[in-house]
Amino acid sequence: MKEYQKIKGTQDFFGEDALKIRYVEKVASNLITCFGFQEIQTPIFENTEVFIKNVGEESDVVSKEMYTFKDKSDRSITLRPEGTASVARAYLENKMYANNLPLTKLFYFGPMFRYERPQTGRYRQFHQFGVEVYGESSPMLDCDIILSAYSIFSKLGIKNILLKINSIGNIESRKNYSKALRSYFSNNIDNMCEDCRRRINTNPMRILDCKVDKDNPILKNAPNIHDYLTDESKQYFDKVLSYLDQFSIPYEVDYNLVRGLDYYTDTVFEFIIQSDDELNGLAMGGGGKYADMIQLMSDKDIPGIGYAFGVERIIAIMNKQNIWHDLSYKVDAVIIGLDELSKLSGFHLAQELRMHDLNIEMDYNHTTMKQQFKLCDKLNPKYIIIIGEEERKSGIYQIKDTQTKQQVGVKKEEILSYLKNNK
Ligand code: AMP
């Protein structure tokens with residue numbers, strides 16, 4: 001018989017791996033709530049146009065990596081490659097700007113899809129945790145956003161994180177810079193990849209982000225964005241850095257950081273892990289400010305800022321740094337019934353205890369002590385509750401503590417409080 005295999009670049013998560021994803025989600029969402037964020041859940045797929053318009057036609061994500069297909073009504077649909085465009089679409093469609101107070105702060109968690117070459121830390125389906133803020137522009141807000149990401153990493157216990165930060169300027173700065181890049185690259189373009197040769201006309205800043213030409217000296221010697229920033233953008237960036245200096249976040253200004261998506265303006269940043277193994281330099285997440293993204297989709301001039309991090313990468317780093325606390329599946333009690341009627345009594349007891357948040361297991365098919373103890377060996381519960389004819393008649397069930405090996409008789413009605421008090 002044919003055995004099916006998962007699609008290349010996807011993963012099955014079960015046991016401890018599934019618990020790790022939930023743990024990261026819980027820590028991140030609990031902490032971000034303290035920063036004033038509320039959750040948003042958007043569809044996994046959107047009209048393709050949503051991503052083209054927002055992320056930018058020239059970005060790798062849109063031009064090469066999207067899972068796009070036609071539905072049965074011939075509409076072009078795309079599995080979301082990232083969260084920002086969908087959240088912006090939802091923000092506008094649901095008119096959330098009507099009650100910006102003064103900010104709308106949203107967070108999301110869920111799978112993203114990119115047709116990339118699968119390798120360590122790079123999958124075709126992966127999870128992102130991300131945030132978006134709409135409504136105001138302020139260097140203090142930029143710092144607060146960066147601080148919120150850094151705080152999540154700290155809460156998770158991750159060490160050796162480096163923040164790389166840059167300003168790619170406001171729209172005016174970017175126009176001046178694009179002009180300078182176009183003129184610089186037009187003399188050097190022959191040695192560069194086909195994509196870069198096209199980008200020189202469409203979006204020369206994207207050349208700086210090219211994966212093929214990343215070590216090409218032509219790229220390394222390209223004009224620096226900082227020489228083209230307007231005074232306003234320069235002052236803005238200096239302020240962001242001065243706020244960051246107030247907190248103990250290690251950062252490095254990286255003039256070559258432009259980020260892969262088109263919607264950014266001014267502050268852009270990335271969190272990198274520093275280690276002495278193959279994970280060194282791995283990007284855990286990043287983001288930036290976008291002054292004009294909402295305007296691209298509507299007539300509203302509302303600034304935004306956000307970031308996203310990759311949950312699988314966070315987990316890989318936490319594995320490497322060995323910082324997980326015990327996530328293993330814990331059974332409070334296994335109930336053993338030594339005859340059909342006793343099993344039925346156990347079944348009722350299990351239901352009652354489970355409704356009080358206790359994790360209860362039972363054997364469905366066997367009535368001998370030996371067979372049911374096999375299940376206990378496998379599940380390693382804190383207690384084993386034993387019910388036989390005598391226990392059923394007296395209403396006093398036997399409870400064995402698997403650590404101390406002591407066994408006591410407890411009245412049926414008192415089992416719940418006994419387990420709760422001794423949890
Ligand atoms: P981006 O939206 O490209 O800025 O990505 C933000 C973060 O998502 C990255 O820093 C990674 O941690 C994670 N990420 C992006 N693409 C992938 C992928 N293909 N597989 C796993 N994680 C990814």
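# A tour of two sheets and their helices

The crossing of helix 1 and helix 5 is right-handed, and that is where our tour of this predicted model begins.

**Stop one: two packed helices.** Select residues 16-34 for helix 1 and residues 139-156 for helix 5. Their axes lie 10 Å apart and meet at an angle of about 135 degrees, so helix 1 and helix 5 are oblique to each other. Now show the side chains where they touch. From helix 1, pick Tyr23, Val24, Val27, Ala28, Leu31 and Ile32; from helix 5, pick Ser148, Ser151, Ile152, Lys155 and Leu156. Coloured by type, the residues of this contact split into eight nonpolar, two polar and one charged.

**Stop two: the sheet beside helix 1.** Keep helix 1 on screen and add strand 5 (104-113), strand 6 (125-134) and strand 11 (304-310): helix 1 lies across these strands, running at about 165 degrees to strand 5. They belong to an open sheet of eight strands with mixed pairing, in the order 1-5-6-11-10-9-7-8. Which strands form its edges? Look at strand 1 (38-39) and strand 8 (251-253), each of which pairs on one side only.

Next, select residues 161-167 and 265-273. These are strand 7 and strand 9, an antiparallel pair joined over seven bridges. To see one bridge, pick Leu163, whose partner in strand 9 is Phe271.

**Stop three: a serine in helix 6.** Select residues 171-186 to bring up helix 6, then pick out Ser178 within it. Is Ser178 buried or exposed? With a relative accessibility of 16%, Ser178 counts as buried. Leaving aside residues up to four places away in sequence, Ser178 touches Pro204 and Met205.

**Stop four: the five-stranded sheet.** Move on to another open sheet, this one of five strands in the order 13-12-14-15-16, again with mixed pairing. Its edges are strand 13 (360-362) and strand 16 (407-411), each pairing on one side only. From one strand to the next, the twist averages 30 degrees.

Within this sheet, select residues 333-337 and 383-387: strand 12 and strand 14 run parallel and are joined by five bridges. Here Gly337 stands opposite Ile387 of strand 14. Then add helix 12 (residues 340-354), which packs on the sheet and touches strand 12, strand 13, strand 14 and strand 15 (396-401). The direction of helix 12 makes about 160 degrees with that of strand 13.

Finish with residues 369-379. This is helix 13, which lies across strand 12, strand 13 and strand 14 and runs at about 170 degrees to strand 12.

How values were computed. Residues numbered from 1 in each chain as written. Predicted model: local features only at pLDDT ≥ 70, side-chain atom pairs only at ≥ 80, totals over all residues. Heavy atoms only, no water. Axes fitted to C-alpha atoms, helices over the stretch in contact; angles between N-to-C directions. Helix = DSSP H or I, 4+ residues; strand = E, 2+ residues; numbered from the N terminus. Parallel < 35°, antiparallel > 145°, perpendicular 65-115°, else oblique. Left-handed = near helix turned anticlockwise from the far one by under 90°. Contact = heavy atoms within 4.5 Å. Nonpolar A, V, L, I, M, F, W, Y, C, P; charged D, E, K, R; others polar. Buried < 20%, exposed > 50% of the residue type's maximum accessible area, 1.4 Å probe, protein only. Pairing = 2+ DSSP bridges.
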